[in-house]
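Would you like some practice at reading a protein model by eye? Open the structure, keep a pencil handy, and try each task before you look at the solution.

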Amino acid sequence: MTSPGRDELPFDDVTDFENADRGFLVAFGPAVVEAEDGRAVWDSEAYGFLDAECPGTAHPSLWRQAQLCARQGLYEVTEGVYQVRGLDLSNMTIVEGDRGVIVIDPLISAETAAAALALYRGHRGDRPVTGLIYTHSHGDHFGGARGVLPHGTEEGVPVIAPEGFLEHAVSENVYAGNAMVRRAGYMYGDQLPKVPHGQIGTGLGPAVSTGTITLVPPTLDITRTGQTETVDGVRIVFQLTPGTEAPAEMNFLFPDLRALCLAENATHNMHNLLTLRGALVRDARQWAGYLDEAIDFFDDSYDVAFASHHWPTWGRDNVVRFLAEQRDLYAYLHDQTLRMLNDGLTGPEIAEEMRLPPALENAWHARGYYGSLSHNVKAVYQRYMGWYDGNPAHLWEHPPVELARRYVEVAGGPEQALRTAQRYAADGDLRFAATLLNHLVFADPDDMAAREALAGVYDRLGHGAENATWRNFYLTGALELREGPHAVEIDTTNPEMASALSVTMLLDSVAVRIDGPRAWDDRITIDLVLTDEQRRHRVNLHNGALTHRSMPVHHTPKPHAGLTLVLTQPELLGLLAGGDLAGIESDGDTALLGRLFSYVDRPDPRFPIVTP
């Protein structure tokens with residue numbers, strides 16, 4: 001895979017810097033946001049080192065992107081539309097209405113969202129929040145909701161989201177939540193120091209805040225393109241874009257303000273088709289289609305386009321060019337991967353061969369700072385072909401530890417393998433050096449010489465990476481090889497998030513944590529009669545699998561349940577959180593509940609990644 005060299009990129013083009021600074025009103029200061037316990041959950045001042053020239057420990061293109069993303073403060077997008085940038089991974093947009101303000105995407109944490117709103121109010125006056133809009137179902141666009149709508153203030157305030165938002169917003173943090181959060185620590189570089197040789201950003205924004213994640217459930221769903229709503233005197237026209245950057249997402253226009261919100265469908269970098277933290281593979285073809293639709297649907301009705309990350313684009317022609325290039329980027333990725341896989345190439349082979357057209361390759365907003373050409377191509381391959389490349393040798397390979405031991409034996413033993421890996425590293429073949437050293441570490445995780453050698457290779461790979469998430473993965477891997485796994489500070493399973501789960505999703509969250517082998521020989525049937533939703537949920541544990549189905553409350557399926565509980569959804573949530581049956585009506589053997597819970601696994605939030 002070839003791409004423009006560092007000296008070939010258009011570094012003399014300063015348009016992005018001019019746009020990133022346009023409309024600046026006031027900076028947030030002091031630039032540290034603290035939780036109630038005094039813990040810092042955000043620190044913009046930590047990125048002051050980015051004012052310097054790019055050092056040898058960073059790719060100049062990524063350094064440039066980090067400088068742009070680190071700009072922070074309150075900005076005027078156009079009359080009546082403001083953004084707070086640089087106070088979290090994402091932006092918070094504020095639109096002035098007749099009586100108050102409409103908040104779009106209240107960041108990740110309640111603390112940073114409150115600080116962002118206070119910054120706006122300090123400059124524009126203490127206007128109440130009269131509307132809240134979530135552009136899509138990712139946590140950096142709803143987690144700070146209680147920072148702008150504290151408990152007791154949401155009465156009468158419309159909370160608008162695309163259809164399916166709530167289900168996708170909470171399910172992503174339930175089914176594979178522990179593994180996703182653990183890998184997100186690598187992707188965003190949470191544990192890395194913010195220094196020139198450490199974490200310098202994520203490509204999408206500076207970092208992830210570590211405050212309180214909250215959620216105010218939507219009260220108004222957007223169900224169709226062309227749907228128009230008026231909030232606090234402000235007209236909004238919506239375009240649904242499901243299955244693009246998020247399963248539930250939407251663009252929308254403020255026609256009277258001539259301002260277009262592009263959510264996270266078009267940002268100033270190549271985005272992910274499959275995030276390194278893990279997610280469902282996104283549909284690049286559909287993504288491109290919705291961008292194409294946006295060009296036509298909103299044609300000539302805006303003077304500026306803004307998104308939930310990065311900086312706006314001003315001028316109708318500039319926006320159309322931006323959207324067209326973003327459209328072509330995802331369409332090209334999709335179509336060329338399909339062309340080559342139909343010629344028999346595998347995902348890694350296609351990733352090595354793929355090159356973007358020169359017009360896209362040299363467009364700053366199409367560079368792979370957050371997503372990458374390499375792993376996006378592999379994602380398209382995975383979407384259509386799955387994990388298997390068709391080669392029988394790869395159908396039933398040994399797992400990593402057993403494979404590693406055999407590779408080390410073939411290489412002549414640990415000492416010879418280490419010398420060989422060091423020679424590859426010295427010759428500049430860091431990719432194979434990492435592969436060989438990784439086998440050494442997996443064959444013997446106590447081999448500290450191999451661990452340090454691999455950490456050094458990861459340092460070099462990270463410092464040379466243009467992609468911020470690759471950099472953070474490499475450098476976090478080096479850190480944990482030296483220090484061991486680190487704790488994760490982000491909590492996506494707090495009570496408010498859990499309370500947004502449906503009963504079905506709550507039971508699913510238990511099912512995916514059942515230790516099947518321990519439960520093989522047990523059989524448990526429990527009925528949950530939910531009085532607040534007037535439904536009965538039959539729960540079966542059989543052959544190590546927990547299944548459940550919903551039915552009318554008065555229907556009693558056969559055979560009779562060993563235990564029936566009559567309760568509300570909050571009481572069920574309390575039981576699942578470790579509470580007891582006090583105050584809950586029961587009929588049958590209450591010991592069955594404890595027996596069921598005894599099979600529930602507690603996942604390790606610090607499981608190893610760079611060691612077995």
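The exercises below work through a predicted model.

**Exercise 1. A sheet and its helices**

Task: Find the order of the strands in the sheet that holds strand 17, and find which helices lie across strand 17.

Solution:
- Step 1. Trace the sheet from one side to the other: its five strands come in the order 19-18-17-20-21, and the sheet is open with mixed pairing.
- Step 2. Look at the two edges. Strand 19 (545-552) and strand 21 (585-588) each pair on one side only.
- Step 3. Compare directions. Ignoring direction, neighbouring strands here are turned by 15 degrees against each other on average.
- Step 4. Zoom in on one pair. Strand 17 (residues 523-530) and strand 18 (residues 535-542) run antiparallel and are joined by eight bridges. I524 has L541 in strand 18 as its bridge partner.
- Step 5. Add the helices. Helix 18 (residues 503-511) lies across strands 17, 18 and 19, at about 165 degrees to strand 19. Helix 20 (residues 569-576) lies across strand 17 and strand 20, at about 125 degrees to strand 20.

**Exercise 2. A strand with two partners**

Task: Decide whether strand 5 is mostly covered or open, and find the strands it is joined to.

Solution:
- Step 1. Check the cover. Five of the five residues in strand 5 (residues 81-85) are buried.
- Step 2. Split the strand by face. V81, Q83 and R85 point to one side, Y82 and V84 to the other, and both sets are buried.
- Step 3. Take the partner before it in sequence. Strand 4 (residues 73-78) runs antiparallel to strand 5, with five bridges between them, and L74 stands opposite V84. Two residues separate the strands of this hairpin, where G80 takes a positive phi near 90 degrees.
- Step 4. Take the other partner. Four bridges join strand 5 to strand 6 (residues 92-96), again antiparallel, and V84 has M92 as its bridge partner there. This hairpin has six residues between its strands, and G86 in the turn has a positive phi of about 75 degrees.

**Exercise 3. Salt bridges, distant and local**

Task: For the salt bridges E480 to R182, E466 to R367 and R405 to E402, work out where each residue lies and how covered it is.

Solution:
- Step 1. Start with the total: the model holds 28 salt bridges.
- Step 2. In E480 and R182, the N to O distance is 2.7 Å. E480 is in helix 16 and R182 in helix 6, so this pair ties together parts 298 residues apart in sequence. E480 has a relative accessible area of 4% and R182 one of 2%; the cut-off for buried is under 20%, so E480 is buried and so is R182.
- Step 3. E466 and R367 come to 2.8 Å at their closest N and O atoms. Both sit in loops, 99 residues apart. E466 counts as buried at 15% relative accessibility, and R367 is buried at 7%.
- Step 4. R405 and E402 meet at 2.9 Å. Both belong to helix 12, three residues apart, about one turn of the helix. R405 is partly exposed at 43%, as is E402 at 30%.

**Exercise 4. A nonpolar patch**

Task: Which residues make the nonpolar surface patch of about 520 Å²?

Solution:
- Step 1. The patch is made by W387, L395 and W396.
- Step 2. Place W387: this residue lies in the loop between helix 11 (373-385) and helix 12 (400-410).
- Step 3. Check its cover. The relative accessibility of W387 is 66%, so W387 counts as exposed.

Methods
Residues numbered from 1 in each chain as written. Predicted model: local features only at pLDDT ≥ 70, side-chain atom pairs only at ≥ 80, totals over all residues. Heavy atoms only, no water. Pairing = 2+ DSSP bridges. Axes fitted to C-alpha atoms, helices over the stretch in contact; angles between N-to-C directions. Contact = heavy atoms within 4.5 Å. Patch = residues over 30% accessible without salt bridge, like charges linked within 9 Å, V, L, I, M, F, W, Y side chains within 5 Å. Areas by Shrake-Rupley, 256 points an atom, 1.4 Å probe, with all protein chains shown as cover. Salt bridge = Lys/Arg side-chain N within 4 Å of Asp/Glu carboxyl O. Buried < 20%, exposed > 50% of the residue type's maximum accessible area, 1.4 Å probe, protein only.
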